[in-house]
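I opened this entry to look up how charged side chains pair up and how two helices pack. My notes follow the structure.

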Amino acid sequence: MAQVVNRMLESMLPHLEELQLSGIFTEEELRIIITRRRHFEYRLFRKPPNKQDYLKAIQYELNLDQLRKQRKEKMGVVFTSSDCEFGIVNRLHALYKRSLKHFKGDIKLWLQYIKFCQNMNQPNMLSKVF
């Protein structure tokens, strides 16, 4: 399990480094983000899966994306790479898909994911939900 979690965290490094290079997050903030993500991943891999753990991880990523947007706007950053822009959003999609794999019958979770896709203006991902 630890190897899987570490691989997932390593795959997140490029977009996190891009966030640091653009000045949106500091190195210390990235350490905190990685620590929190590691904590969530370990909780998500336990058996049996707990829906509340998924919801907490999703909420954390939503808050992180909102903070990223606010800082980007405040700093006047016009251009950032796609890794920087969509790393958190891609993680949110992955979290929703993983949670829906475990909790297929949860209508509220499905509706939350549909609303997320609509709010992010991602019709391609929305069409894959159905």
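**Glu-41 and its partners**

I looked up Glu-41 first and found that it forms a salt bridge with Arg-98, the closest N and O atoms being 3.0 Å apart, where a salt bridge is a side-chain nitrogen of Lys or Arg within 4 Å of a carboxyl oxygen of Asp or Glu. Glu-41 lies in helix H2 and Arg-98 in helix H4, so this pair ties together parts that are 57 residues apart in sequence. I note that the model is predicted, that local features need pLDDT of at least 70 and side-chain atom pairs 80 or more, while totals for chains, interfaces and linings use all residues. Residues are numbered from 1 along each chain as its sequence is written, and side-chain values use heavy atoms, with hydrogens and water left out.

I then found a salt bridge between Arg-91 and Glu-41, with 2.9 Å between the closest N and O atoms. Arg-91 is in helix H4 (residues 82–102) and Glu-41 in helix H2, so the pair links parts 50 residues apart in sequence. Glu-41 counts as buried at 0% relative accessibility, and Arg-91 does too at 8% (buried means under 20% relative accessible area, exposed over 50%, partly exposed in between, with a 1.4 Å probe and protein chains only).

**Another pair**

I also looked up Arg-46, which forms a salt bridge with Asp-53 at 2.8 Å between the closest N and O atoms. Arg-46 is partly exposed at 34% relative accessibility, whereas Asp-53 is buried at 3%. Salt bridges that share partners join Arg-37, Glu-41, Glu-61, Arg-91 and Arg-98 into one network.

Note on methods:
Helix = DSSP H or I, 4+ residues; strand = E, 2+ residues; numbered from the N terminus.
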